[in-house]
Amino acid sequence: MKRWILLILALLLAAIPLLPLTGCGASAGESRSEAVSDSELPAVTSELQMYVFSAGKADAMLLTTEHGTVLVDCGEKGFGQEILSYLEAQGIDKIDYLIITHFDQDHVGGAAKVINNISVGTVLQNNSPKDSEEYEKYLKAVTNAGIAPVTVQDSYEFTLDGVLYSVDAPDKSDHMSDDSNNASLVVSVYHGTNSMLLTGDAQTERLEELLESGIGAFDLLKVPHHGREDELMDELVAAVQPKYAVITSSDEEPEDQQTLAVLEEANVEVFLTRVSPVIVRSDGKTMTVQYESA
């Protein structure tokens, strides 16, 4: 009798499908787009373009599709007009999502000008307020516009016109150093099989969190903190395995040579906004990156 019971149990166990022993994050070398299931990835409906402004040592990136517009950061004070002029030239009269990765002046400085002069839908911000004139102007602008910004505490995902955006907050509310930079929101962008990782001004502690999360491969990396040297830069590049990298720097404050050396060693094609604005195009299968001046 015992032998029959054991045989029946063995047959039942064999019929149960084995579940993969993996976590939610992508393993090293795996595309983040592959880590997102097919059911989560929206169907591609149009081309995606990311325009990375030449804003000096500052971030301002505009992602557009046929029916969607996302602005990530707004450069320094005074740069808002540059963004507005570009939007007008492109015939864009609304920003669906504005993402402020953190409140340093070179990321939030132009936000008030933008918010005061164009329709803005949802505003996403981090949870690390800053005592500065630029931050106060930003707060006044969203209040006057009747916008209640969403403070991203953990993660926030949205799909817009065939593109999946994942916005992730830091694990810790306080960091031992460079608290504002290390509080940067990190934005992952998925368009078909193409993907981009926008890292704000993340420094060592924030990068450590990303690496521990099991971050995987992306086609394009917006290099953190304007290409400043970081002890984890080589590990980040090894994990992300980008084909392309964009660095937002200026002639007065150029990227560090150590960072360029890490990217060169990994055979990554590097684009510097101090040379020209950078244009990234994706059709959902292939990606091209070039200087606007090319």
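**Exercises on two sheets and a pocket**

S3 and S4 pair in the parallel sense, joined over three bridges, where strands are DSSP runs of E with at least two residues, numbered from the N terminus, and two strands pair if DSSP finds at least two bridges between them. The model is predicted, so that local features need pLDDT of at least 70, side-chain atom pairs count only at pLDDT 80 or more, and totals for chains, interfaces and linings use all residues. Residues are numbered from 1 along each chain as its sequence is written, and side-chain values use heavy atoms, with hydrogens and water left out.

**Exercise 1.** Place S3 and S4 in their sheet, and find which residue is the bridge partner of valine 70.

*Solution.* Begin with the order of the eight strands, S6-S5-S4-S3-S2-S1-S14-S15, which form an open sheet with mixed pairing. Next, take the edges, strand S6 (150-151) and strand S15 (287-291), each of which pairs on one side only. Finally, the bridge partner of valine 70 is tyrosine 97 in S4.

**Exercise 2.** Describe the sheet that holds S12 and S13, and state how these two strands pair.

*Solution.* First, seven strands in the order S7-S8-S9-S10-S11-S12-S13 make an open sheet with mixed pairing. Its edge strands are S7 (155-160) and S13 (269-272). Then, strand S12 (residues 244-247) pairs with S13 in the parallel sense over four bridges, and tyrosine 244 stands opposite glutamate 269 in S13.

**Exercise 3.** Determine which strand gives the most to the lining of the second largest pocket.

*Solution.* A pocket is an open set of points on a 1 Å grid over the protein atoms alone, where a 1.4 Å probe fits, with protein on both sides within 12 Å along at least five of seven lines, and lining residues have an atom within 4 Å of a point. Here the lining has 15 residues, with Thr64, Thr65, Gly68, Thr69 and Ile92 nearest the centre. S2 gives the most, with three residues.
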